[in-house]
Amino acid sequence: MTETVRQIVLASRPDGSPTPSNFRLEDAAMPEVPDGWVLLETIYLSLDPYMRGRMSGAKSYADPIAIGHVMAGATVSRIMQSRHRDWREGDIVVAYSGWQTHAISDGSDLRRIDPAVAPISTGLGVLGMPGFTAYAGLGNIGHPKPGETVVVAAASGAVGSVVGQIAKIWGARAIGIAGGREKCAFVKNELGFDAAIDHRAPDFARRLAEACPEGIDVYFENVGGPVWDEVLPLLNDFARVPLCGMISHYNDDAEAEPSVDRLPASMKVIQQKSITVRGFMNVEFIDQQPTFLKEAADWIADGRLKYREDIVDGLELAPAAFIGLLQGRNFGKLVVRVSGEG
Ligand SMILES: NC(=O)c1ccc[n+]([C@@H]2O[C@H](COP(=O)([O-])OP(=O)(O)OC[C@H]3O[C@@H](n4cnc5c(N)ncnc54)[C@H](OP(=O)(O)O)[C@@H]3O)[C@@H](O)[C@H]2O)c1
């Protein structure tokens, strides 16, 4: 067994968009495995937008990552050594090992996954936190009714792709917004959305309005910014807006263009149309996760829930891939293959 752990640590805090110099690749000694703990080998590392917030010094729902500490993140890992009575060597689990090849766990953060249901990497995407976020936000806040129009941006990505497909399963119309022709073609033709609109096209506003002739009943908010500006006038009376994320603002802390104050215009429409905007974190609905995992596995098996993964090979490529995620360079759920499955 290798004696060292490869890690990517936070070297410095970003000022606007993260750069490669914010990260550092290091080797550390393999940790001892205390009684009641397991040693994990990372197979896949998930890269997710929330990690940008953890790189900042500002306090939010989770503490910032300290300078010099390993970048946080969910992984699909193999148990290499177990000194825990509930876990066996060879078990495949979703863990929270961070950006490193190995980690130890006391088992409290592990979820066993069944490789027979779907490829194990899906434990970080469609059958993991992003898929569950889509299900929880749409079901508990969006409440789409059959025939209603659901719009979601970042529609080819980990959360958005699942939002639109579940909206269809529940009988609604699904309109996706995505960056570029290739992503839009995938959203419409492969995922089966009713329409997909390119937010980078000059006629974006007109095409969005044409795709929503009866307005928008549910807008699942993933991006904010200029996309929100064009969605806002199309929202119907009593529309519901699950506020999941606002990725277009995650690098705002320094380099932002002079900031547009969207608040007064947004509040006016929200009030006059009796719109519900409800922020959420997926963990508040975590008791629904077992139901989601069962339903989603059935939908995947019968072909109603499709997914696309963007797999990058090698831990050392994680910083560049993560920087690209915040610029829309990923196409599907972004995952790093850290070691082989076999
Ligand atoms: N509330 C929660 O519990 C929770 C949990 C998970 C995720 N989230 C949020 O859900 C959202 C989607 O996350 P994800 O993991 O599914 O990511 P993703 O969609 O797989 O990847 C991010 C995508 O965001 C889009 N994007 C990036 N910068 C943008 C910009 N300036 N303007 C418009 N679009 C931009 C890009 O897609 P295009 O190229 O198509 O524009 C990019 O590919 C994020 O806001 C994330 O923070 C929230």
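Arginine 206 counts as partly exposed in this predicted model, at 46% relative accessibility. You'll find Arg206 in helix α5, which covers residues 204–211. Look across from there to glutamate 230: 24 residues separate the pair along the chain, and their C-alpha atoms sit 9.0 Å apart.

Arginine 112 makes a handy companion case. Its place is in strand β7, residues 111–112, and its relative accessible area is 42%, so it counts as partly exposed. Between the C-alpha atoms of Arg112 and tryptophan 87 there are 9.1 Å, with the two residues 25 apart along the chain.

Threonine 42 tells another story. It belongs to strand β3, residues 38–46. Why does threonine 42 count as buried? Its relative accessible area is just 2%, and the cut-off for buried is under 20%, so Thr42 qualifies. Its side chain has a polar partner too: the backbone oxygen of glutamine 100, reached at 2.7 Å.

Now for a couple of backbone oddities. Most residues other than glycine have a negative phi. Histidine 143 has a positive one, near 40°, and its place is in the loop between α2 and β8. With a relative accessible area of 43%, His143 is partly exposed. Phenylalanine 238 also has a positive phi, near 65°, but its setting is strand β12, residues 235–243. Phe238 has a relative accessible area of 57%; since exposed means over 50%, it lands in that class.

On to the ligand. How many residues surround the ligand? There are 27, and the closest are Val159, Lys183, His199, Tyr250 and Asn330. Here are three polar contacts to ligand oxygen atoms:

| Residue | Polar atom from | Distance to a ligand oxygen |
|---|---|---|
| Alanine 158 | backbone | 3.0 Å |
| Valine 159 | backbone | 2.8 Å |
| Histidine 199 | side chain | 2.7 Å |

Taken alone, the ligand would expose 920 Å², and the protein buries 91% of that. Two elements give two or more residues to the shell around the ligand: α2 (129–142) and α3 (158–169). Sorted by class, this shell has 15 nonpolar residues, ten polar ones and two charged ones. Both domains pitch in, with at least three shell residues drawn from domain 1 (4–125 + 307–337) and at least three from domain 2 (129–285).

That leaves the greasy part. In soluble globular proteins, nonpolar side chains tend to be buried together. In this model the largest nonpolar core has 36 residues, and Leu138, Val150, Val163, Val187, Phe193 and Leu305 are the ones that touch the most other members. Helices α2, α3, α4 (181–190) and α9 (289–301) each supply at least two residues of this core, as do strands β8 (149–153), β9 (173–178) and β11 (216–220). Which element gives the largest share of this core? That would be α2, with six residues. So if you're tracing α2 on screen, you'll meet it in two roles: it gives residues to the shell around the ligand, and it supplies residues to the largest nonpolar core. Helix α3 likewise appears in the ligand shell and in the core.

Methods. Residues are numbered from 1 along each chain as its sequence is written. This is a predicted model: local features need pLDDT of at least 70, side-chain atom pairs count only at pLDDT 80 or more; totals for chains, interfaces and linings use all residues. Side-chain values use heavy atoms; hydrogens and water are left out. A residue is near a molecule or strand if one of its heavy atoms lies within 4 Å of it. A polar contact is a pair of N or O atoms within 3.5 Å; within protein, one must be able to donate a hydrogen and the other to accept it, and residues adjacent in sequence count only if both atoms are side-chain atoms. Accessible areas come from the Shrake-Rupley method with a 1.4 Å probe; for residues, only the protein chains shown count as cover. Helices (H or I, at least four residues) and strands (E, at least two) are DSSP runs, numbered from the N terminus. Ala, Val, Leu, Ile, Met, Phe, Trp, Tyr, Cys and Pro count as nonpolar, Asp, Glu, Lys and Arg as charged, and the others, Gly among them, as polar. Domain bounds come from an automatic or database domain assignment. A nonpolar core is a set of buried Ala, Val, Leu, Ile, Met, Phe, Trp, Tyr and Cys residues joined through side-chain atoms within 4.5 Å. Buried means under 20% relative accessible area, exposed over 50%, partly exposed in between (1.4 Å probe, protein chains only).
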